[in-house]
Amino acid sequence: MFFMEINEKRTGFFQRLKEGLAKTRTNLLGNIDRLLLGKKVIDQELFDELEEILITADVGAGFTQELILSLREKASRDELADPVALKRLLQDEIRAIFKGDGSLVIPKNGLFTVMVLGVNGTGKTTTVAKMAYDLKNRGYAAMIAAADTFRAAAIEQIEVWSERIGVPLVKQQAQADPSAVVFDALKSAKAGKAEVLLVDTAGRLHTKVNLMEELKKMKRVMARELPGAPHEVILVVDATTGQNTLAQARMFHEELGVTGLVVTKLDGTAKGGVVIRIVRELNIPIRYLGVGEGLDDLKAFNGEEFVDALFKAD
């Protein structure tokens, strides 16, 4: 019965993922289908039009150039029987980028710490709560640190979430030093035998130097109090922002060493191709995907599942 419930949940999420990727699928694959419709030969015109489609789908110039080059080589060796074969090759190339399972691997011994970053508006605080909910359902004793002390509303928001999902919260008053909250949370997590501590940080522009320094200070405090911490530095990005998502990811990664991504709002954008670009260019794995507002609409990322959902409309 337990495994049946898991399979039903995964099937349900896969369907929501397909629905969430509908706009991206139309933007990318719909245009490719229209390009290939009625084409009899693979020629320069087809390559030029395909390149334009890929670029406008936000998959990135690097990936596009590599793909076009691979297609040209195969076409020159007569390994592509017809234009429709290009679509199968595209699917294989994207699948290769997402090889493996990107979900969090959490050891069963000791405290595992996760520092969660993101700019305002990405759904970061809600994502922290959903991650805690997922971890709890997977059998981990989770705890949340409300280190977003910049806004009183952020503390209230995460407090409501912690009560709703039944996960303990460590907090202080608004405007308190975020590093002090992290210090208290680490002490509490170790004393209470929590297995995973999720640290919610204040949303900030990636270009604000003073705010980035504050994050670095929090990271240093975590490392001092618990060797190896933070074990994960996760960046929450909003898929609807397209190429700006890449700029944010690159800056946070350079400054703080991002180890994983959570991509939210895939259900509201035609720019989901940027997910391909981020993983391809920055080599940062995706940990979770978000395709809705519900607690069950955030799931551990699976590359095979993502590619299947992107290419299968029915």
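## Lys171 and Glu159

Lys171 and Glu159 form a salt bridge, with 2.8 Å between the closest N and O atoms. Lys171 sits in the loop between β3 (169-170) and α8, while Glu159 belongs to helix α7 (residues 152-165), so the pair ties together parts that are twelve residues apart in sequence. The model is a predicted one.

Both partners have some access to the surface. Lys171 is partly exposed, with a relative accessible area of 41%. Glu159 is partly exposed too, at 26% relative accessibility.

## Other salt bridges

The count for the model is 18 salt bridges. Side chains of opposite charge can pair when their charged atoms come close. A second example joins Asp238 to Lys265, where the closest N and O atoms are 3.4 Å apart. This pair links distant parts of the chain. Asp238 is in strand β5 (residues 232-238). Lys265 is in the loop between β6 (260-264) and α11 (274-282). The two residues are 27 residues apart. How buried or exposed is each partner? Asp238 has a relative accessible area of 8%, under the 20% limit, and so is buried. Lys265, at 33% relative accessibility, is partly exposed.

Lys299 and Asp296 make another salt bridge, at 4.0 Å from N to O. Here Lys299 is the buried partner, at 13% relative accessibility. Asp296 is partly exposed, with a relative accessible area of 33%. Salt bridges also form a network, which links Arg95, Glu304 and Asp308.

## Helices α3 and α4

Helix α3 (residues 44-56) and helix α4 (residues 61-76) have axes that come within 10 Å. The axes cross at roughly 155°. That angle is over 145 degrees, so α3 and α4 are roughly antiparallel to each other. Their crossing is right-handed.

Which residues of α3 and α4 make the contact? From α3 come Gln44, Phe47, Asp48, Leu50, Glu51, Leu54 and Ile55. From α4 come Ala61, Thr64, Leu67, Ile68, Leu71, Arg72 and Ala75. By class, the contact of α3 with α4 has nine nonpolar, two polar and three charged residues. An α-helix has 3.6 residues a turn, so residues three or four places apart point the same way.

## Helices α2 and α12

Helix α2 (residues 22-36) meets helix α12 (residues 303-311) at another angle: the axes cross at roughly 70°. They come within 9 Å. An angle from 65 to 115 degrees counts as roughly perpendicular, so α2 is roughly perpendicular to α12.

On the α2 side, the contact is made by Thr24, Arg25 and Leu29. On the α12 side, Ala309, Leu310 and Phe311 take part. The contact of α2 with α12 divides into four nonpolar, one polar and one charged residues.

## Helix α11

Is α11 mostly covered or mostly open? Mostly covered: seven of its nine residues are buried. The buried residues are Val274, Val275, Ile276, Arg277, Ile278, Val279 and Leu282. Arg277, a charged residue, is among them.

The buried residues of α11 pack against several elements. Among the helices are α4, α5 (84-97), α10 (243-256) and α12. The strands are β6 and β7 (286-290). So α4, which contacts α3, and α12, which contacts α2, both also meet buried residues of α11. Asn283 follows α11 and has a positive phi, near 55°.

## Ser179 and Ala180 in α8

Ser179 lies in helix α8. Ala180 is also in α8 (residues 178-191). How do these two residues stand, buried or exposed? Ser179 counts as buried, at 5% relative accessibility. Ala180 counts as partly exposed, at 27%.

Leaving aside residues up to four places away in sequence, Ser179 touches Lys217, Met218 and Val221. For Ala180, a long-range distance is available: its C-alpha atom is separated by 58 Å from that of Lys74. Ala180 and Lys74 are 106 residues apart along the chain. Lys74 falls within the range of α4, residues 61-76.

Notes
Residues are numbered from 1 along each chain as its sequence is written. This is a predicted model: local features need pLDDT of at least 70, side-chain atom pairs count only at pLDDT 80 or more; totals for chains, interfaces and linings use all residues. Side-chain values use heavy atoms; hydrogens and water are left out. Helices (H or I, at least four residues) and strands (E, at least two) are DSSP runs, numbered from the N terminus. Buried means under 20% relative accessible area, exposed over 50%, partly exposed in between (1.4 Å probe, protein chains only). Axes are lines fitted to C-alpha atoms, for helices over the stretch in contact, and angles run from 0 to 180 degrees between N-to-C directions. Angles under 35 degrees count as roughly parallel, over 145 as roughly antiparallel, 65 to 115 as roughly perpendicular and the rest as oblique. A crossing is left-handed if the near helix is turned anticlockwise from the far one by less than a right angle, and right-handed if clockwise. Contact means heavy atoms within 4.5 Å. A salt bridge is a side-chain nitrogen of Lys or Arg within 4 Å of a carboxyl oxygen of Asp or Glu.
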